[in-house]
Amino acid sequence: MKFTNVDQVIKRIYSLPKLHPKNDLSYIRRILKQLNNPQDSVKTIHVTGTNGKGSTSYYLSNLLQKAGQKTGLFVSPYIYEFNERIQLNGKNINNNDLIKTANKIETAIEILKKDDPNFSLVTFEYEVALAFQFFAQENCDYAVIEVGIGGEHDKTNVIIPEVSVITTIGLDHEKIIGPTLKDIAKEKSGIIKSDRPVVLGNVPQDVLEILLNKAQSENSKSFLLGRDFQIKIMPDVIKYQDSKNIYNFALRPLVEAYDIGIAVQAIQLLQLDLDRKKIEEAINETRIPGRYDVIQTSPEIIVDGAHNLQAMENLLNLVRKKKKGQIYVLLGMMKDKDLGPVTKLFKDEKVTLTRIDYPRAARLEDFPKEAQKEFEYKENFEEAYTSLKNKLQADDMLLVTGSFYLVGAVLNYCKRGKDES
């Protein structure tokens, strides 16, 4: 198949299955080998974690660019368009490059199918191959690679990074990499590589030993938040401190502050040409789509892709501190997430459940019976969002959350409204 437009590429990627019968890296390794192992020609930073891995990846990308490095970034999910998944120097891959690179992947698949007619890729493998091939052909100096799920068995785990990063450990994707926190920690520790440093963020004490032991067994030097570097929220700045440096950054939520600290510690291990001014500028200039994104200030409307228990707890703690009037929540989640534990977190907030037109999106009947009784449900997210927005008084707040898919859909809906007005 020869692609001639970007819609054909995206349709092809999403027509692929999500999982192989066997969860290993053999398929991704075969396609990359056929492409001449593009992942080996670019230096990488590998980022995993239950939460914060996307934000940390964006901070790292900006820091690398500030150091004059040609920088690739592979992240998921996207907010506005698929091309966000693969970025070069902070800009989405353009359609022509996406088509050209996808045609190279297709050629490699066709060659492999001659020897093995059953050879195929799943969606995420195709995306990973696209990213590595694109970064190699663009001669990137560095690429920041965010894992999809987990670590050891993630399709991105075919690299020997300059630095590995594990931001947080919490409950998410338990059916795939769980069920326990220890199982999740063990899986995420799989990105720690021999003789390469690892930066560890806000990790629960009861599983920290799993990560530290893995680092020790791999002769990987560990740098731990709270032990080797500190982050403090001061009245007017975020303060980062390690044994050699102090930096001050513009105020952001605490969880974002942790991500900043992790990114700054990781970048310093690369010993690039970055002075204090450049580091502070790179962080302060970073905007992360769909993550505590204030899209209107009066009354306040915030979109945040919090989609698991840990992320939602962090988000609610933050907005409750800011509360003046009523907090309204538009909540749309994927049905394979922890719908029960997440919906139990809401107290005085007025919650409206909704869904987007997507197979994994939870319908009303997927939510627990208590939530179905307690919360309003509106099938059409556009109507639900507009209705809540029109209800807001000056001190009220609207929070759109539960999934990056919902956040992306609402942001695109708002953008269409602006374009049309």
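What follows is a friendly exchange about how some features of this predicted model get their labels.

Me: Let's start with solvent exposure. Why is Gln133 called buried?

Reply: Buried means under 20% relative accessible area. Gln133 has a relative accessible area of 10%, so it counts as buried. You will find Gln133 in helix H5, residues 123-137.

Me: And which residues does Gln133 touch, leaving aside its neighbours within four places in sequence?

Reply: Gln133 is in contact with Leu35, Pro38, Thr101, Lys104 and Ile105.

Me: What makes Asn36 exposed?

Reply: The label needs over 50% relative accessible area. Asn36 is at 66%, and therefore it counts as exposed. Asn36 sits in the loop between helix H2 (26-34) and strand E1 (43-48).

Me: What stands out in the backbone of Asn36?

Reply: Its phi, which is near 75°. That is a positive value in a residue other than glycine. Most residues other than glycine have a negative phi.

Me: Where else does a positive phi turn up in a residue that is not a glycine?

Reply: Asp195 is one such case, with a phi of about 60°. Asp195 belongs to the loop between helix H7 (181-188) and strand E7 (198-202).

Me: Why is Asp195 called partly exposed?

Reply: Partly exposed covers the range between the buried cut-off of 20% and the exposed cut-off of 50%. Asp195 has a relative accessible area of 49%, so partly exposed is the right label.

Me: Now the peptide bonds. What makes Pro77 worth a look?

Reply: The bond from Ser76 to Pro77 is cis, with omega near -10°. Pro77 lies in the loop between strand E2 (71-74) and strand E3 (86-88). Most peptide bonds are trans.

Me: And what is the form of the bond from Ser298 to Pro299, cis or trans?

Reply: That bond is cis, with omega near -10°. Here the proline, Pro299, is in the loop between strand E12 (293-297) and strand E13 (300-304).

Me: How many disulfides are there in the whole structure?

Reply: The search finds 0. A disulfide would need a pair of cysteine sulfur atoms within 2.5 Å.

Me: How do you know whether Cys140 and Cys414 are buried or exposed?

Reply: Set each value against the 20% cut-off for buried. Cys140 is at 6% relative accessibility, so it counts as buried. Cys414 is at 17%, and therefore it also counts as buried.

Me: Which residues make the nonpolar surface patch of about 240 Å²?

Reply: The patch is made by Ile233, Leu251 and Leu254. Leu251 is found in the loop between strand E11 (246-249) and helix H9 (254-268).

Me: What makes Leu251 eligible for a patch?

Reply: Patch residues need over 30% relative accessible area. Leu251 is at 43%, so it passes that cut-off and counts as partly exposed.

Me: Why is Gly417 called partly exposed?

Reply: Its relative accessibility is 35%, between the 20% and 50% cut-offs, so it counts as partly exposed. Gly417 lies in helix H15, residues 404-420. From Gly417 to Gln326 the distance is 25 Å, C-alpha to C-alpha, with their positions 91 residues apart in sequence.

Me: What does the UniProt record say about residues 290-404?

Reply: An unreviewed entry annotates them as "domain: Mur ligase C-terminal". In the model, the end C-alpha atoms of this span lie 7 Å apart, and the span is 32% helix and 27% strand.

Notes
Residues numbered from 1 in each chain as written. Predicted model: local features only at pLDDT ≥ 70, side-chain atom pairs only at ≥ 80, totals over all residues. Heavy atoms only, no water. Patch = residues over 30% accessible without salt bridge, like charges linked within 9 Å, V, L, I, M, F, W, Y side chains within 5 Å. Areas by Shrake-Rupley, 256 points an atom, 1.4 Å probe, with all protein chains shown as cover. Salt bridge = Lys/Arg side-chain N within 4 Å of Asp/Glu carboxyl O. Helix = DSSP H or I, 4+ residues; strand = E, 2+ residues; numbered from the N terminus. Buried < 20%, exposed > 50% of the residue type's maximum accessible area, 1.4 Å probe, protein only. Contact = heavy atoms within 4.5 Å. UniProt positions renumbered as here; feature names shortened; annotations may be inferred.
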